[in-house]
Amino acid sequence: MINNFLYFRPESEDEVIERLKQYAAESKILAGGTDLLIYMKQYSLLPSVLIDIKGIKDLSKIDLDSDGNLIINAAVTCNDLIENNYIRKHYPVLAEAAHTIGSYQIRNRATIVGNICNASPAADMAGPLLVLDAAVVIHNGESIYEVPIKNFFTGVKKTVLKPTEYVKAIKVPGKYKDKESGYLKASRIKGHDLGICNVAVSKNNGTVKVAIGSCNITPVLLPDFESKQLDVKEVIDVAMKNINPIDDVRGSKEYRRHLVKVFIQRLLTKEEISH
Amino acid sequence: MPEKREYKYIGKSYPRLDADEKLTGQARYVADIVLPGMLYAKMLTSPYAHAKIKSIDVEKAKSLEGVVAVLTGEDLDYNVGLYLVDKRILARGKVRYQGEPVAAVAAETLEIAEKAVRLIEVEYEPLKPLLDVEEAFNERENLVHPDLGSYSYLKAAFYPQPGTNICHVTKIRKGDIEKGFSEADIIVEREYNNPSVQHVPMETHGAIVQWGIGDKVLIYTSAQSPFTVRNLFCHTFKLPHQNVRVIVPYVGGGFGGKAGIHLEPLVACLSHAAGGRPVKLIATREEEFNTLPCRCGLKFKIKTGLKKDGKITAQKLILLWSAGAYADYAVNVTRASGYSAGGPYFYENLYIDSFAVYTNQVFGTAYRGFGHVELFWGLERHMDFCAKNLNMDPYEFRKINLIKPGDTTATQEPVVDSTGSVRKCLDAVVKAIEWRGNKTDSEREKEIKSKKVRGKGFAVLHKAPAMPTNTSSSCVIKMNENGSIILNISSTDYGNGTYTPMAQVVAEELDIPLSKIHVAFETDTDRDPYDWQTVASRFTPMGGRAVVNACNNLKNKMAAVAAQVFNCSPDDFIFQDEKVIYKNDLTKFIPYSQLATGYVFPNGNAIGGPLIGVGVYIAEGLTHLDKETGKGLPAFNWTFGAHAVEVEVDTETGEYQVLKIASAFDVGKVMNYASLKGQVIGGVVQGLGTAMCERYVYDSQGRLINKTFTDNKIPTAKDIPNEFIPIFIETAHDKGAYGARGAAEHPMISVAPAIGNALRDALDIELTSMPIRAEDVWLALNNKKVLVDSK
């Protein structure tokens, strides 16, 4: 790593806000660092200030708010999530998707919020959070506000987040607790790999949600479907109209389109979508 | 033939001698070493695959504080090369592949060196890159090496063709190929392809060099072969051998990629330019992929004449090896694969042309299998295809044509009983997977409906060491005061596990407990005896002979002293239980420890002196191959083998899993069962990587797209077969230690075609290009329109 940078490790969120105000666009939030440090090594990002949020105890917590919504704070790692019994029991699709990120060592560092903020079209957490109708909880320095995750991504590695803002947490609505859901990902090897494509689904109170990754400039959430007269063929047709995959080193666009069809079929025709 | 005897240590399983050091992190690698006053180096590499270097401005880099030396190709008038001296230490005049080093910096810290290389300004004039091996083969104007005619090369074995991009050709001409084809009932012809891939050792290449006073050079390097590094280094810099000391500490894998010489000359020049301060260069993973060499690509054209009864009447093989920008080992891969390309089959009429062709891609080097992984993909897929064209069981078809005692090889070497048996290997693996003949179409259709289809396939293999005719090894064993042994050899144990069986040899020959034998791990050309190279799966059979000879030498020395003590003939001793025992009166004996540093009589007189055993072994009777026909005796031994697999395919996604793989090798003699089993499992997994996912992908300008682990994938623990079945056949070899043959590379060979053949059995699809990605299976199925897609 060639560039010098200032490193702060605040112990409170107030200090994060202060540093962000001070340095704004020059700074980057450092959580797991499993994406950021690679970019810095490759010279594609050269921030002059790093604000490490791992020192803030509250941000490492997985909580329930007073309304029973699930709160995944900004420094929660993939392995924290995977090993959390409440999540395994009530939101298994999150643990399942987190388990496909990197290797065990990477999952010890990589955070769920980081996966979202990195905004890769292939982000493994995006699909499940989209179909669980999650919200991104953002602190703008003055107040806290929420953005539905379906509005969070704006392009490849791009989000609505402004330089002085940071993502405090992800909120998953309590109404999705214990609801059917599932996630399928295709990759070149069964070990750590970026997906060729992925599909997540959920069913809740008559509504079916379907999200698709690696098939557009952002992860895509399809319009809701009614589960009563669910026609899988129609879902696939809508999916095909909403994705625009490319040919790359991981797979061809034709293969991606085909896999999306297969995965939607598999996820929506399983008796129990999630185990 | 080796004597038949019961062994106490040979053939048993013992844990690796280096296991604890490696597992605890105590083992010292080049990257761990820090010398006083050491500088750190960084390379600047070319963004173009083929370009003239118009100018390089290093002034800004030189003026950066902490920078001690900056070098470009213009500063270095040295040529390097293994067999064909075609390379500069840093590109000079033009660059020949994207990733080629054009400048380098030595600085007080790695960070300063990194900053400095980014300040170097290079002006290029791009040239058209040659990226297709066939195009490069036919090209006569656009040449990767216009000066090919002026390069020096090893004339006994290599034939570069100036005015072309062809840097070597090996020819085999046996029988009458045209007659063979005219006798055929049918002719089967097809082309097979392999991309370049990387070795991906855990430890990347690294070197620390200090160019000392009086041109005495000290080199620490992660090399496979310390003496070859020294020899090639001395040739490049015209230094006498006694001036150069090469130390190889623990090495974290090489798989052929660390054979020969790589970073050492550049680091030496930086040290020289820095006034003799030691300089360290450790390749990044990206450099390992993009700057250091890879495995060559291969385009393999096979044409076979067949009788209806399955007999092969003629075989014509054209191999176009993509050497990349420099000849390195590619020319020798071309040579070895040239005389091996027919595989373990008997041909009356055989015609082979194996070409090494320069292209503007990362250059190729040795990689486990030395061309055989690549050629057997084509050959064994082709044999399956021949059987299919004859409507025969591929097992029956192979049985008709496999080589056997009484036949001759491609180079017209007679095959005898002690050559080994490929038939026994094939029989064993076919039995292990319960092969019952090809699947019928109706069986297949039924399974396809369930979307999970199983298939079985197999492939045979052979490989001989690719070695000079004078390949030699030596060994020194030194007895310590307590009667224990230090064993010095210079065949680096870079993960292959050779040292443990060598300790077993000493234990066996001297009857000393294994715990009292220490094999010295760091190799030092100043202190350790000569060995050619740690390559070619040759050390156990050949180096093992040197170790046996060293033990015999030590025994003779002990017997000579004991004969004086007991006033008898030195021929009258046996060596047992750490004692020299007078065989005519077993109460008369001397423990080894009393001889170790000299025997002392009760009155104080001493005889003998420190015990040191010396053993050497050199291959005998090998010949160069005839330039026009390939006739000759190229190698020490052939090791035969076969794999058989059962796979299960998801017909909707094309994903497949190897359920079971049986692998048999005629190893002559198992030296250490656990170690050999480990070699088989490791080799199979590496072969699986090559089969399922590994490949270099270049863009239209010749830039490597996947130069990181993000997109250059290798298999993980989750990808391995469900079951491994290693099988060892022991047809004793007549020259190898204890009858043993090498088996280090062989487990990787022919894994891919066995899987390709199993996919053919499962789905009746014909895959001809490696790797076989899930997408390729899906595409092949789709093109057949067999896919049952309910949507």
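**A walk through the predicted complex**

Let's begin in the interior: the largest nonpolar core holds 331 residues, and the members that touch the most others are B:Val105, B:Ala106, B:Val429, B:Val506 and B:Leu759. Helix H15 of chain B, residues 539–566, supplies the largest share of this core, with 11 residues. Keep in mind as you look around that this is a predicted model.

B:Val506 is a good place to pause. Setting aside neighbours within four places in sequence, B:Val506 is in contact with B:Ile477, B:Ile485, B:Leu487, B:Ile512, B:Ile517, B:Val547 and B:Cys551.

How far can the coordinates be trusted? For the complex, the predictor reports an ipTM of 0.95 and a pTM of 0.96. Chain B has a mean pLDDT of 96, with 98% of its residues at 70 or more. Residues 786–791 of chain B are another matter, since pLDDT stays under 50 there. The model does give this stretch 13 contacts beyond four places in sequence. Where pLDDT is low, though, predicted coordinates should not be read in detail.

Next, zoom out to the domains of chain B. The domain assignment gives domain 1 as 19–26 + 471–618, domain 2 as 33–129 + 202–253 + 258–290, and domain 3 as 294–467 + 624–784. Taken over C-alpha atoms, the centres of domain 1 and domain 2 of chain B are separated by 39 Å. These two domains do meet: 16 residues of domain 1 of chain B are in contact with 17 residues of domain 2 of chain B. On the domain 1 side of that meeting, the residues divide into 5 nonpolar, 7 polar and 4 charged.

Now follow chain B to helix H17, residues 751–763. Its 13 residues should span 18 Å at 1.5 Å a residue, and the end C-alpha atoms are indeed 18 Å apart, so the expected and modelled lengths agree. H17(B) is mostly covered, with 13 of its 13 residues buried. Just after H17(B) comes B:Asp764, which takes a positive phi of about 55°.

Finally, turn to where the two chains meet. The contact draws 21 residues from chain A and 21 residues from chain B. On the chain A side, the elements giving two or more residues are helix H9 (232–242) and helix H10 (253–269). H10(A) gives the most, with 6 residues. By type, the chain A side that touches chain B divides into 9 nonpolar, 6 polar and 6 charged residues.

Definitions and conventions
Residues numbered from 1 in each chain as written. Chains lettered and ligands numbered in written order. Predicted model: local features only at pLDDT ≥ 70, side-chain atom pairs only at ≥ 80, totals over all residues. Core = buried A, V, L, I, M, F, W, Y, C linked by C-beta atoms within 7 Å. Buried ≥ 20, exposed ≤ 12 C-beta atoms within 10 Å, placed from the backbone. Helix = DSSP H or I, 4+ residues; strand = E, 2+ residues; numbered from the N terminus. Contact = placed C-beta atoms within 7 Å. pLDDT = per-residue confidence, 0-100. Nonpolar A, V, L, I, M, F, W, Y, C, P; charged D, E, K, R; others polar. Expected span 1.5 Å × (residues − 1). Domains from an automatic or database assignment.
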